[in-house]
Amino acid sequence: MAQVGNTEPGHGPVAGAPGRPLTARSVLASALLGMDPPELPVAQLVRLTGLFGISENRARVALSRMVAAGEATTDGTGRYRLAGRLAARQSRQSASRAGTMAAYDGTWWVAVVTTTGSTAEVRSARRRALTYARLAELREGVWMRPANVAVLLPDFLDGDVELMQAQPDGADRLAHRLWDLDAWADRAGELLGRLRALAPDGPDALAPGFVLSAAVLRHLQADPLLPAELQPREWPGARLRETYDGWDARYRATLRTWSRHS
């Protein structure tokens with residue numbers, strides 16, 4: 001599937017999160033996250049959850065709860081579409097998969113938290129927003145990243161965070177301090193191996209492929225999208241995206257065939 005879900009802080013598990021059970025809600029959310037537009041008929045959603053031993057009744061109850069929670073909408077014709085925070089998550093996921101970057105001239109974004117005394121809930125929401133913007137924390141209240149991608153902060157951070165630009169010395173060293181690049185590259189290599197080992201060309205590959213797709217897209221969302229000048233040698237980001245795109249096209253073709261005949 002294109003863009004099968006991920007796990008993000010504060011929003012609960014989505015299919016493929018390591019060590020998490022595949023609940024009806026997690027599979028449904030992941031399935032809808034994987035579509036562009038993020039919409040599917042209920043019959044196909046029910047069949048997908050059935051791949052994981054989830055009954056039709058459980059799937060329909062989970063869909064009703066998602067609608068009640070503002071995570072999905074239905075038009076009354078049996079089609080469901082993502083809404084609210086899950087729709088916003090899909091936008092972030094699409095950007096992660098594309099990996100689009102602008103030219104880099106040595107400039108970095110610096111976001112400084114200027115308020116004190118915030119509640120734990122506010123601090124947690126602020127950290128999520130800064131992380132979603134692909135900033136990393138240098139020290140408490142100071143977040144940075146190269147200015148080769150746009151940093152768009154939500155309105156609720158107005159007055160709490162000052163966004164500015166700087167040109168730090170030792171940018172390569174700083175990038176390694178902010179992100180564990182070796183760990184990201186190692187995990188990307190592991191996922192590349194799993195993509196090559198799992199041929200998504202038959203119905204037996206649908207369930208494990210669903211989970212693998214989620215793992216890949218979750219990992220791409222953790223890619224700091226560093227400019228080429230700051231990437232370690234043989235950085236696997238582009239290779240993982242290219243391999244996944246080809247694999248995903250085959251997976252979706254298998255899924256369409258299975259959906260028509262199941």
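This report describes the overall form, the strand pairings and the salt bridges of one protein chain.

## Basis of the model

The structure is a predicted model, in which local features need pLDDT of at least 70 and side-chain atom pairs count only at pLDDT 80 or more, while totals for chains, interfaces and linings use all residues. Residues are numbered from 1 along each chain as its sequence is written, and side-chain values use heavy atoms, with hydrogens and water left out.

## The chain as a whole

The chain contains nine helices and seven strands; these elements are DSSP runs numbered from the N terminus, with at least four residues for a helix (H or I) and at least two for a strand (E). Along its principal axes, the C-alpha trace spans about 60 × 40 × 30 Å. The radius of gyration is 20 Å, which agrees with the value near 18 Å for a compact globule of 262 residues. This radius is taken over C-alpha atoms, and the globule rule is 2.2 Å times the number of residues to the power 0.38.

Of the 262 residues, 47% count as buried. Buried stands for under 20% relative accessible area, exposed for over 50%, and partly exposed for values in between (1.4 Å probe, protein chains only). The chain exposes about 12,700 Å², of which carbon and sulfur atoms supply 51%; accessible areas come from the Shrake-Rupley method with a 1.4 Å probe, and for residues only the protein chains shown count as cover. Among contacts (heavy atoms within 4.5 Å) with a separation of 6 or more, 75% are between residues 24 or more positions apart.

## Strands 1, 2 and 3

Strands of a sheet pair through backbone hydrogen bonds, either parallel or antiparallel. Here two strands are taken to pair if DSSP finds at least two bridges between them.

Strand 3 (residues 79-82) has pairings with strand 1 and with strand 2. Strand 1 and strand 3 run antiparallel and are joined by three bridges, and L40 stands opposite Y80 of strand 3. Strand 2 (residues 72-74) also pairs with strand 3 in the antiparallel sense, over three bridges, with A72 having L82 as its bridge partner. Strand 2 and strand 3 form a hairpin with four residues between them, and G76 in the turn has a positive phi of about 85 degrees.

The side chains of strand 3 alternate: Y80 and L82 point to one face and are buried, whereas R79 and R81 point to the other and are not.

## The four-stranded sheet

An open sheet of four strands has the order 5-6-4-7 with antiparallel pairing. Its edge strands are strand 5 (136-139) and strand 7 (161-166), each of which pairs on one side only. Neighbouring strands of this sheet are turned by 30 degrees against each other on average, direction ignored. Axes are lines fitted to C-alpha atoms, for helices over the stretch in contact, and angles run from 0 to 180 degrees between N-to-C directions.

Strand 4 (residues 108-113) and strand 7 run antiparallel and are joined by six bridges. In this pairing, V113 has V161 of strand 7 as its bridge partner. Helix 6 (residues 171-178) packs on the sheet and touches strand 4, strand 5 and strand 6 (142-146); the direction of helix 6 makes about 105 degrees with that of strand 5.

## Salt bridges

The count comes to 13 salt bridges, each defined by a side-chain nitrogen of Lys or Arg within 4 Å of a carboxyl oxygen of Asp or Glu. Three of them are described here.

| Pair | N to O distance |
|---|---|
| E39 and R79 | 2.7 Å |
| R126 and D160 | 3.7 Å |
| R252 and D248 | 3.2 Å |

The pair of E39 and R79 links distant parts of the chain, with E39 in strand 1 (residues 39-41) and R79 in strand 3, 40 residues apart. E39 is partly exposed at 22% relative accessibility, and R79 is partly exposed at 31%.

The pair of R126 and D160 also links distant parts of the chain: R126 lies in helix 5 (residues 120-132) and D160 in the loop between strand 6 and strand 7, 34 residues apart. R126 counts as buried at 7% relative accessibility, and D160 counts as buried at 17%.

R252 and D248 both lie in helix 9 (residues 237-261), four residues apart, about one turn of the helix. R252 is partly exposed, with a relative accessible area of 33%, whereas D248 is buried at 0%. Salt bridges that share partners join R97, D245, D248 and R252 into one network.
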